[in-house]
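These are my notebook entries on a structure I went through element by element. The sequence and the model come first, then what I looked up.

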2 protein chains.
Amino acid sequence: MAHISILGTGTMAQAIAAVAGRGGHTVTFVGKDDADVRFGDVVVLAVPHSALGDIVSRHGSELAGRIVVDITNPLDFETFDSLTVPADGSAAAELAAALPQSHVLKAFNTNFAGTLASGTVGELTTTVLIAGDDADAKATLAGIVTSGGLKAIDAGTLRRARELEALGFLQITLAATEKISWTGGFGVVA
Amino acid sequence: MAHISILGTGTMAQAIAAVAGRGGHTVTFVGKDDADVRFGDVVVLAVPHSALGDIVSRHGSELAGRIVVDITNPLDFETFDSLTVPADGSAAAELAAALPQSHVLKAFNTNFAGTLASGTVGELTTTVLIAGDDADAKATLAGIVTSGGLKAIDAGTLRRARELEALGFLQITLAATEKISWTGGFGVVA
């Protein structure tokens, strides 16, 4: 069983905690102002993209050697027409550059919170797409996801985070314009 | 009923023709060396991305005023690790720039041929995502798609072609690495 630390208090943080809890893992929420934090093996940054810089500043050294999961969708919420990261990069790539001693994964950003909580997208079991450069780290996270009743797919190296963020962005625009609901979205048929 | 011209002879060309045919539309295949081509209202370029330049050279003026549908996924097939178009652009944006008098749409590139032919992705009805700057053109194509038994979603302006191409790219890499099958992929739950 893994020990999972979750930063964040929103619906995504709660939903991911519930998945890990269903799988029998130990989950600890880490508050913004908590002192003396002892992180688990897996640290999920369930925060807005704009909060990542501060987390790196505060906790960068303590995150060394750990699996760090970036779930962010770095949308430009003023225009709703682009991401805020460079077109040839990704939020996850930037985080990995800032945390060179951590095993950074991109995951959960293509899942709406409601589909993590329910475990389903329509009739399909919710699938978590995971990108990253460390195969063991991906396998660990996939194990947590599947133990919680969801499916997991290794989506490739961290370079694929760019496409996962494009997918997350597209899905959010479709829900925001009411083409799909926040409990629907892209389901994966293997 | 619309008159649809399809360039291309592959499985995607055949599958899109079948969808339009099921909807009662007139479909004409246009061969590479056909002289005196009379295009229909909707022209589907069901060809590899590398063939678009030649089509623009040959037929650019005849495509003026028509709905031109770009279905391509401009993958770098040597590395299978990126697209061949600029990171901040798309194949569709480049085509639209080359055909300023046509109504260029991005569509079908997120659908595997098998899911267009069968009409389903797993238990879900196949959904065609359509991006473009002309609302009437998008409505025309959506009408053709739905008349053929599929679903259609307006995915936004042609700027969203970038995300559709990212989605198409990701889906192809997942199938090529056997994480999903060529009859599966991303289904849309509204």
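Which residue of β8(A) does A:L105 stand opposite? I found A:G132 in that place. I note that the model is predicted, that local features need pLDDT of at least 70 and side-chain atom pairs pLDDT 80 or more, and that totals for chains, interfaces and linings use all residues. Residues are numbered from 1 along each chain as its sequence is written, chains are lettered from A and ligands numbered from 1 in the order in which they are written, and side-chain values use heavy atoms, with hydrogens and water left out.

**Entry 1: the sheet of chain A**

I followed the sheet of chain A from edge to edge. It is open and has seven strands, in the order β2-β1-β3-β4-β5-β8-β9, with mixed pairing. The edges are β2 (26–30) and β9 (151–156) of chain A; each has a single partner strand, so one side of each is left without a neighbour in the sheet. From one strand to the next the twist averages 25 degrees. For these terms, helices (H or I, at least four residues) and strands (E, at least two) are DSSP runs numbered from the N terminus, and two strands pair if DSSP finds at least two bridges between them.

I then looked at two pairings in this sheet. Strand β5 (residues 103–106) of chain A pairs with β8 (residues 127–132) of chain A in the antiparallel sense, over two bridges. The pairing of β8(A) with β9(A) is parallel and has five bridges. Within β9(A), A:A152 is the residue opposite A:V128.

**Entry 2: helices on that sheet**

I checked which strands α5 (residues 135–147) of chain A lies across, and they are β1 (3–7), β3 (42–45), β4 (67–70), β5, β8 and β9 of chain A. This helix runs at about 155 degrees to β9(A). Helix α6 (residues 161–176) of chain A also packs on the sheet, where it touches β4, β5, β8 and β9 of chain A. Its direction makes about 145 degrees with that of β8(A). Contact means heavy atoms within 4.5 Å; axes are lines fitted to C-alpha atoms, for helices over the stretch in contact, and angles run from 0 to 180 degrees between N-to-C directions.

I recorded β8(A), α5(A) and β9(A) as a right-handed β-α-β unit. Right-handed means that, with the strands pointing away from the viewer, the path from the first strand over the helix to the second runs clockwise.

**Entry 3: β1 and β2 of chain B**

In chain B, I found β1 (residues 3–7) and β2 (residues 26–30) paired in the parallel sense over five bridges. B:L7 has B:V30 of β2(B) as its bridge partner. With helix α1 (residues 11–22) of chain B, these two strands make a right-handed β-α-β unit.

**Entry 4: aromatic pairs**

How many aromatic pairs does a search of the whole structure find? The search gives five over all chains. Rings of Phe, Tyr and Trp (its six-membered ring) pair if their centres lie within 6.5 Å; planes under 30 degrees apart count as stacked, over 60 as edge-to-face and the rest as tilted.

One of the pairs is A:F77 with A:F80, which is edge-to-face at 5.9 Å centre to centre and 65 degrees between the planes. A:F77 is exposed at 58% relative accessible area, and A:F80 is partly exposed at 31%. Buried means under 20% relative accessible area, exposed over 50%, partly exposed in between (1.4 Å probe, protein chains only).

Another pair is B:F112 with B:W182, tilted, with 4.9 Å centre to centre and 55 degrees between the planes. The two residues are 70 residues apart: B:F112 is in the loop between β5 (103–106) and α4 (113–118) of chain B, and B:W182 in the loop between α6 (161–176) and β10 (185–189) of chain B. I noted B:F112 as buried at 8% relative accessibility and B:W182 as partly exposed at 46%.

**Entry 5: B:T110 and α6(B)**

B:T110 is also in the loop between β5 and α4 of chain B, and is buried at 6% relative accessibility. Among the residues that B:T110 touches are B:L164, B:L167, B:G168 and B:Q171, leaving out those up to four places away in sequence. Of the 16 residues in α6(B), 14 are buried.

**Entry 6: positive phi in chain A**

A:F108 is not a glycine, yet has a positive phi of about 70 degrees. This residue is in the loop between β5 and α4 of chain A and is buried at 3% relative accessible area. For A:E178, phi is near 60 degrees. A:E178 lies in the loop between α6 and β10 (185–189) of chain A and is exposed at 71% relative accessibility.
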